[in-house]
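Subject: Structure for you to look at

Hello,

Here is the structure I said I would pass on. Please open it first, then read the notes below it.

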Amino acid sequence: MKNTISKGWLSLLIVMGILILDQIIKIAVKTNMYYNESIRITDWFYIHFVENPGMAFGMQVIPKAVQTIGRILFAGIIIWYIGRLIKANCKRGYLICISLILAGAIGNIIDSIFYGVIFSQSTLSEVATFVPIGHGYTDWLYGKVVDMFYFPLFEFNWPGWMPFIGGDNFIFFSPIFNFTDAAISCGVIILLLFYKKYSSDSIHMIKNDLKSKLAS
C-alpha cells in the first residue's frame, strides 16, 4: 500500500502537532501554577512547574541572547536539511526523527523569544498572566523556558562510607523537562539506535547532490 501523506506534509504535521501540544501544556502550567508548585500524579510522576534560562534540561553555557539566536540558526539549518532530505527521497523513519528534533528546537525558541514580553513574572506567591506585549517580565529573546515533567522514579541515600557523596540523597530521574525536550531526546535516541549509519550516508548524499548542481 502506498503512503498517502507526502514526506513534506508528514514532517510539517509532526512539527506543528508537537508545537501546538507543547504550547497548550506550557501556557496551562504557566497561567495556573505558582513557580515551583508541584502536582502529584503518581509517586514517580509529578507536574512540577519551574523555568530555566538555558537549553534542554536547564543547561546554561552561553549568554541567553546568544543562545536564543543560536537556536534560531540551528532550526534554520534543520529546516534546510529536511528540505534536502525530502528532495533526496530519504527514509520516512529518518525524516520523522529529524522532524522531532526540529519541533523540539522551535518549541523552546518560542518560549525564549516571546514569553518574556507577553507574560508577567511567575513567583512563589503569584501566578503569571498574559500582559500587553512589551510589559512582561523581561525583553525579547530573554524569556525563560517552561518545564513541568518530573519523574523521580526512585531515590536513596548513598552509603556513608563512600567518599565525597556518602550520605547524600540521590534521585533517579531528577531533571525536570518539557514536551519538546522529550521530542528532541526521542529523535536523537531513535537516530542513534536505528539510523546512525543512514545519518552519515544522507549527509554525503546531500553533499554530492550540491556538488553536482554547482558543477552543472
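What percentage of the 216 residues in the chain is buried? Buried residues make up 38% of the chain. Please keep in mind that this is a predicted model.

Overall layout

The chain has five helices and six strands. From start to end, these elements follow the pattern α-β-β-α-α-β-β-β-β-α-α. Along the principal axes, the C-alpha atoms fill a box of roughly 65 × 55 × 40 Å. Among contacts in the chain with a separation of 6 or more, 66% come from residues 24 or more positions apart.

The sheet

Four strands form an open sheet in the order S1-S2-S3-S6, and their pairing is antiparallel. Strand S1 (38-42) and strand S6 (176-177) are the edge strands, each pairing on one side only. Strand S2 (residues 45-52) and strand S3 (residues 145-150) run antiparallel and are joined by five bridges. To find one of these on screen, look for Tyr 46, whose bridge partner in S3 is Tyr 150. Helix H1 packs on this sheet, where it touches S2 and S3, and its direction makes about 90° with that of S3.

Two helices

Two packed helices are described by the angle between their axes and the distance between those axes. For helix H1 (residues 7-30) and helix H3 (residues 92-118), the axes come within 9 Å and cross at roughly 35°. The contact of H1 with H3 has 14 nonpolar, five polar and five charged residues. The crossing of H1 and H3 is right-handed.

One residue to look at

Asn 178 lies in the loop between S6 and helix H4 (179-194). Is Asn 178 buried or exposed? Asn 178 counts as buried because its relative accessibility is 0%, and the cut-off for buried is under 20%.

What does the side chain of Asn 178 reach at 2.8 Å? That side chain reaches the backbone nitrogen of Asp 181. The side chain of Asn 178 also has a polar contact of 2.9 Å with the side chain of Asp 147. Leaving aside neighbours within four places in sequence, Asn 178 is in contact with Asp 22, Lys 26, Asn 108, Val 145, Val 146, Asp 147, Met 148 and Phe 149. Of these, Asp 22 and Lys 26 fall within H1 (residues 7-30), and Asn 108 falls within H3 (residues 92-118). Val 145 to Phe 149 fall within S3 (residues 145-150).

Regards

Terms used. Residues are numbered from 1 along each chain as its sequence is written. This is a predicted model: local features need pLDDT of at least 70, side-chain atom pairs count only at pLDDT 80 or more; totals for chains, interfaces and linings use all residues. Side-chain values use heavy atoms; hydrogens and water are left out. Axes are lines fitted to C-alpha atoms, for helices over the stretch in contact, and angles run from 0 to 180 degrees between N-to-C directions. Helices (H or I, at least four residues) and strands (E, at least two) are DSSP runs, numbered from the N terminus. A crossing is left-handed if the near helix is turned anticlockwise from the far one by less than a right angle, and right-handed if clockwise. Ala, Val, Leu, Ile, Met, Phe, Trp, Tyr, Cys and Pro count as nonpolar, Asp, Glu, Lys and Arg as charged, and the others, Gly among them, as polar. Two strands pair if DSSP finds at least two bridges between them. Contact means heavy atoms within 4.5 Å. Buried means under 20% relative accessible area, exposed over 50%, partly exposed in between (1.4 Å probe, protein chains only). A polar contact is a pair of N or O atoms within 3.5 Å; within protein, one must be able to donate a hydrogen and the other to accept it, and residues adjacent in sequence count only if both atoms are side-chain atoms.
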